[in-house]
Amino acid sequence: MTEHRPTLVRPPPVDESKAPIENALELTDLSIIGPDIFTNTRELWHPPGARGIYGGAVIAQTLAAAQRTVPADFVVHSYHCFFVLAGDSSVPILYHVERVREGRSFCTRTVQARQRGHAIFTVTCSFVREGSGGTPPHASHAARMPAAALADAPSEGYEDPAFLRRAGSADADDPFQSYRCRPADAEADARKPPEEKRVWQWVRARGKISEEGGHRAHLSALAYISDSYFIGTVSRIHRLWRYQVPLEEVKNLEPETREYLERLHEWEGDGALAEYEGRPAVGMMVSLDHSIYFHNPKKVRADEWMFTEMESPWAGDGRGVVMQKIYSRDGTLLATAFQEGVVRLKHTDKGEQKAKL
């Protein structure tokens with residue numbers, strides 16, 4: 001009987017010359033088993049209270065696995081995946097890459113992530129050869145970054161608030177940073193209907209991504225970050241209570257825990273807890289699929305601040321769709337992402353069974 005652990009191979013020491021996100025997303029080549037098979041080198045993050053592994057980790061590792069099988073002059077431009085089953089952080093993941101198409105300008109890969117013999121995640125991604133778009137001029141345009149975003153941009157030396165850095169907090173060991181900000185006229189935005197509201201934040205990978213990792217490490221890091229705060233956009237624009245502990249029981253928490261929850265709620269731009277009295281609560285919120293279109297892949301610097309604007313054009317029938325535009329600090333539109341997820345409200349009927357997919 002082999003020792004039970006979350007990786008097939010004992011993880012090597014952390015490489016201090018690389019950014020934390022590079023270490024977190026490191027893959028082990030399993031070519032001894034078969035061609036184009038990889039596994040996670042380190043245990044993947046399971047967010048507190050979540051049904052499974054953080055989706056961004058599997059998104060990033062499947063992209064990293066696919067990137068290993070394409071020529072060096074090909075870059076990802078399109079990525080589409082489905083979350084099939086919740087990933088278990090205590091079990092290794094096997095990534096099987098299939099080389100679907102090899103073209104002069106485009107090549108296609110599918111990747112299946114498997115645990116215990118079952119597919120938990122599937123993806124199809126397309127790569128384009130650099131410079132294959134033809135002779136200029138080209139039809140060209142891009143959505144502009146909101147001018148007001150730079151007015152509340154974090155500094156290069158920004159540090160997380162002390163309450164987020166405390167030992168044991170969900171954010172203490174995150175390989176990326178988030179800086180929440182709000183649209184310039186936040187009060188006017190709050191009065192808009194949900195489909196017109198916007199959610200803003202700045203994000204970056206901690207540390208510096210290594211030259212060895214190169215642009216592919218930056219793209220994997222962006223993919224990892226793109227799942228953060230995403231389907232939760234629906235709960236924010238509808239002002240839904242989304243924490244595990246019921247609002248009416250917050251007063252019974254240990255003082256330190258209650259203070260942390262209050263500060264987190266305000267830091268995320270949701271105001272005081274009292275403002276949520278009587279608001280509906282989230283019963284289940286999980287991602288179903290995720291797509292990323294990389295517009296300027298070689299300009300991605302995931303260890304520098306990137307601005308993201310999220311919105312939701314539709315929600316209903318227990319689901320929601322969200323869209324995200326990701327910009328570099330100079331206003332370049334780097335990528336656009338979409339996601340659909342289950343968003344079910346908690347019902348007060350005590351006889352109702354626990355929600356299932």
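**Close-up views of a predicted model**

**View 1. Surroundings of glutamate 268.** Leaving aside neighbours within four places in sequence, glutamate 268 is in contact with Arg180, Tyr229, Arg236, Arg242 and Tyr243 (contact means heavy atoms within 4.5 Å). The model is predicted: local features need pLDDT of at least 70, side-chain atom pairs count only at pLDDT 80 or more, and totals for chains, interfaces and linings use all residues. Residues are numbered from 1 along each chain as its sequence is written, and side-chain values use heavy atoms, with hydrogens and water left out. Glutamate 268 sits in the loop between helix 7 and strand 9 (282-294); helices (H or I, at least four residues) and strands (E, at least two) are DSSP runs, numbered from the N terminus. With a relative accessible area of 12%, glutamate 268 is buried (buried is under 20% relative accessible area, exposed over 50%, partly exposed in between, with a 1.4 Å probe and protein chains only).

**View 2. Helix 7 and what covers it.** Helix 7 (residues 255-267) has 13 residues and reaches 18 Å from its first C-alpha to its last, close to the 18 Å expected at 1.5 Å a residue (the expected span is 1.5 Å times one less than the number of residues). Tyr260, Leu261, Leu264, His265 and Trp267 are buried in helix 7. These residues lie on the same side of helix 7 because they cover an arc of only 165° around the axis, the arc being that of the directions from the helix axis to the C-beta atoms. Helix 3 (162-165) and strand 7 (176-181) are included in what covers the buried residues of helix 7. Glycine 269, just after helix 7, takes a positive phi of about 85°.

**View 3. Helix 5 and the loop towards helix 6.** Nine of the 12 residues of helix 5 are buried, so the helix is largely enclosed by the rest of the structure. Among the buried residues are Ala217, His218, Leu219 and Tyr224. The loop between helix 5 and helix 6 (232-237) holds tyrosine 229. Tyrosine 229 has a positive phi of about 70° although it is not a glycine, and counts as buried at 11% relative accessibility.

**View 4. Helix 2.** All of helix 2 is buried, 13 of its 13 residues. The end C-alpha atoms of helix 2 (residues 55-67) are 18 Å apart, which agrees with the 18 Å that its 13 residues should span at 1.5 Å a residue.

**View 5. The loop between strand 6 and helix 3.** Glycine 131 lies in this loop, as does proline 137. At 75% relative accessibility, glycine 131 counts as exposed. The C-alpha atoms of glycine 131 and serine 105 are separated by 8.9 Å, with their positions 26 residues apart along the chain counted as the distance apart. The peptide bond from proline 136 to proline 137 is cis, with omega near 5°.

**View 6. Aspartate 36.** Aspartate 36 is found in the loop between strand 1 (27-29) and strand 2 (37-40). Although not a glycine, aspartate 36 has a positive phi of about 60°. Its relative accessible area of 17% makes aspartate 36 buried.
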